[in-house]
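Welcome, and thanks for taking a look at this one. Here is a short briefing to read alongside the coordinates, arranged by topic so you can jump to what you need.

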Amino acid sequence: MESYTIESIKKKSRLPARLDFLQSGTGLVLGLFVWVHIVLDASIILGPRAFNWVSKNMELAFLSDTGHGYPIAVFFAVFIVFFLFIVHALLGIRKFLISWKQHRIIKDQMAMMRHQDTKFMVYTGPDRFYYAFCRSCSSLHHAYPSGFH
């Protein structure tokens, strides 16, 4: 590994560490969102009444006089999650390998570690990004009360 190290006498910037910390934070919030989303979607197992109760509460029906809620609240929640997703993705893009030397380093490290999760993340990360982006755009479109025109 010594052949891959680059020595420098310049003071190292703390910006990459701060950006990593921010990416960890957005990843944590997005992971918690996914868990809550799965649990709330699982309410369909309890029947239509339970699922409708959950969806009405997500639309803040308990705050409206008519009990219909505010579908725009869902749009804003989806927009916030979409924004966090974009920030998380932009922070992750800076870690993409851009040179042959970087590809060689990661390939050598993966061979040395024999860690299956690393291989899984390297090969499936772009697929998951594409799926999440499409799903977020679809959710934004359907969450807006009258749709986009």
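The notes below go through the pocket, the surface patch, the salt bridges and one backbone feature.

Please keep in mind that this is a predicted model. Its largest pocket holds about 2,200 Å³ of space, and 48 residues line that pocket. The structure also has three salt bridges and a nonpolar surface patch of about 630 Å².

**The largest pocket**

- Leu 30, Val 34, Phe 85, Arg 128 and Ala 132 are the lining residues that lie nearest the centre of the largest pocket.
- Five helices each give two or more residues to this lining: H1 (15–41), H2 (48–58), H3 (71–93), H4 (100–113) and H5 (116–143).
- Helix H5 provides the largest share of the lining, with 14 residues.
- Sorted by class, the lining has 29 nonpolar residues, 13 polar ones and six charged ones.
- As general background, a probe the size of a water molecule, rolled over the atoms, shows where empty space is left.

**A nonpolar patch on the surface**

- The patch of about 630 Å² is made by Leu 28, Leu 32, Phe 33, Val 34, Trp 35 and Ile 38.
- Val 34 appears in two places in this briefing: it is a member of the patch, and it is also among the residues nearest the centre of the largest pocket.
- Ile 38 belongs to helix H1.
- Ile 38 counts as exposed because its relative accessible area is 52%, and the cut-off for exposed is over 50%.

**Salt bridges centred on Asp 20**

- Which residues are joined with Asp 20 into one network? Arg 94 and Lys 95 are, through salt bridges that share partners.
- The side chains of Asp 20 and Arg 94 meet at 2.4 Å, N to O. This pair links distant parts of the chain, with Asp 20 in helix H1 and Arg 94 in the loop between H3 and H4, 74 residues apart.
- In the salt bridge between Asp 20 and Lys 95, the closest N and O atoms are 3.1 Å apart. Here too the pair links distant parts of the chain, since Lys 95 lies in the loop between H3 and H4, 75 residues from Asp 20 in helix H1.
- The three partners are partly exposed: Asp 20 has a relative accessibility of 29%, Arg 94 has 34% and Lys 95 has 45%.

**A salt bridge within helix H4**

- Asp 108 and Arg 104 form a salt bridge through their side chains, at 2.7 Å from N to O.
- Both residues lie in helix H4, four residues apart, which is about one turn of the helix.
- Asp 108 is partly exposed at 24% relative accessible area, and Arg 104 is partly exposed at 33%.

**A backbone feature to check**

- What is the phi of Leu 60? The angle is positive, about 60 degrees, although Leu 60 is not a glycine.
- For context, most residues other than glycine have a negative phi.
- Leu 60 sits in the loop between H2 and H3.
- Is Leu 60 buried, exposed or partly exposed? Leu 60 counts as partly exposed because its relative accessibility is 29%, a value between the limits of 20% for buried and 50% for exposed.

Technical notes. Residues numbered from 1 in each chain as written. Predicted model: local features only at pLDDT ≥ 70, side-chain atom pairs only at ≥ 80, totals over all residues. Heavy atoms only, no water. 1 Å grid on protein atoms, 1.4 Å probe; cavity = no way out; pocket = protein on both sides within 12 Å on 5 of 7 lines; lining within 4 Å. Points joined across faces, edges and corners; volume = space filled by probe spheres on them. Nonpolar A, V, L, I, M, F, W, Y, C, P; charged D, E, K, R; others polar. Patch = residues over 30% accessible without salt bridge, like charges linked within 9 Å, V, L, I, M, F, W, Y side chains within 5 Å. Areas by Shrake-Rupley, 256 points an atom, 1.4 Å probe, with all protein chains shown as cover. Salt bridge = Lys/Arg side-chain N within 4 Å of Asp/Glu carboxyl O. Buried < 20%, exposed > 50% of the residue type's maximum accessible area, 1.4 Å probe, protein only.
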